[in-house]
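Here's a quick tour of one model, written for someone who wants to look along while reading. Open the structure and keep the sequence at hand.

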Amino acid sequence: MKHLAAYLLLGLGGNTSPSAEDVKGVLSSVGIDADSDRLDKLIKELEGKDLQELIAEGSQKLASVPSGGGGGGGAGAPAAGGAAGGEAAAEEKPAEKEEEKEESDEDMGFGLFD
C-alpha cells in the first residue's frame, strides 16, 4: 500500500511513469524502507498504464459492489423495573461508555504505511 501511495503521489506531481528509484526516493524522504520485491511487482503491473484510466476503471468496479446498508439500528434500552433498578442501570452506563472508548482507541494491528 505504501508503494502504491508513493507511486500515486509521484503521478499527481507530474511524473507519468515513476520508476522504482523514484518511489524509493519518496518513501525514504519520510523514513520508510521500500520492499524491493513488492515495489518491482508494482512497477511491472503499472508499466505503460495510464493512472487516470486505472482509477476510472476501479471506480466503475467499486460502483457495482454492494455496500451493505439497511442494517438494523441499535437495540433499545431496557425498561427500568423500579427506582432501584433505574439507579443500577444508570451506574452501569458510564462503565460501558468507558469500555467502548478503550476499544476504539486500540491499534487495529496495522499502520498507515505498513
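What follows is a short report on the helices of this chain and how some of them pack.

## The chain as a whole

First, a caveat: this is a predicted model. The chain has five helices and zero strands, so to speak a one-note tune, reading α-α-α-α-α along the sequence.

Of the chain's 114 residues, 13% count as buried. If you take contacts between residues at least 6 apart in sequence, 48% of them join residues at least 24 apart.

## Helix α2: one face in, one face out

Start with α2, which covers residues 20–29. Which of its residues are buried? They are Ala20, Val23 and Leu27. Looking down the helix axis, these buried residues fall within an arc of 65°, so they line one face of α2. The spacing fits a familiar rule. An α-helix has 3.6 residues a turn, so residues three or four places apart point the same way.

Flip to the other side of α2 and you find Glu21 and Ser29, both exposed. The cover over the buried residues of α2 includes α1 and α3. After α2 comes Gly31, with a positive phi near 80°.

## Helix α3: the same idea again

Now for α3, residues 36–46. Its buried residues are Leu39, Leu42, Ile43 and Leu46. They cover an arc of only 95° around the axis, which puts them on the same side of α3. The face turned away from that buried side carries Asp37, Lys41 and Lys44, which are exposed.

What lies over the buried residues of α3? The cover includes α1 (2–12), α2 and α4 (51–63). Just after α3, Gly48 takes a positive phi of about 75°.

## Where α2 meets α3

The axes of α2 and α3 come within 10 Å and cross at roughly 130°. With oblique as the label for angles that are neither roughly parallel, roughly antiparallel nor roughly perpendicular, α2 and α3 are therefore oblique to each other. Their crossing is right-handed.

Which residues make the contact between α2 and α3? From α2 there are Ala20, Val23 and Lys24, and from α3 there are Ser36, Leu39, Asp40 and Ile43. Sorted by type, the residues of this contact come out as four nonpolar, one polar and two charged. Ala20 and Val23 also turn up among the buried residues of α2, while Leu39 and Ile43 are among the buried residues of α3.

## Where α1 meets α3

On to α1, whose axis comes within 10 Å of that of α3, with a crossing of roughly 50°. The pair α1 and α3 are therefore oblique to each other, and their crossing is right-handed.

On the α1 side of the contact sit His3, Leu4 and Tyr7, which meet Arg38, Leu39, Leu42, Ile43 and Leu46 in α3. By type, the residues in the contact of α1 with α3 divide into six nonpolar, one polar and one charged. Leu39, Leu42, Ile43 and Leu46 are the buried residues of α3, and each of them is listed in the contact with α1. Leu39 and Ile43 are also listed in the contact with α2.

Technical notes: Residues numbered from 1 in each chain as written. Predicted model: local features only at pLDDT ≥ 70, side-chain atom pairs only at ≥ 80, totals over all residues. Heavy atoms only, no water. Axes fitted to C-alpha atoms, helices over the stretch in contact; angles between N-to-C directions. Helix = DSSP H or I, 4+ residues; strand = E, 2+ residues; numbered from the N terminus. Parallel < 35°, antiparallel > 145°, perpendicular 65-115°, else oblique. Left-handed = near helix turned anticlockwise from the far one by under 90°. Contact = heavy atoms within 4.5 Å. Nonpolar A, V, L, I, M, F, W, Y, C, P; charged D, E, K, R; others polar. Buried < 20%, exposed > 50% of the residue type's maximum accessible area, 1.4 Å probe, protein only. Arc of directions from axis to C-beta.
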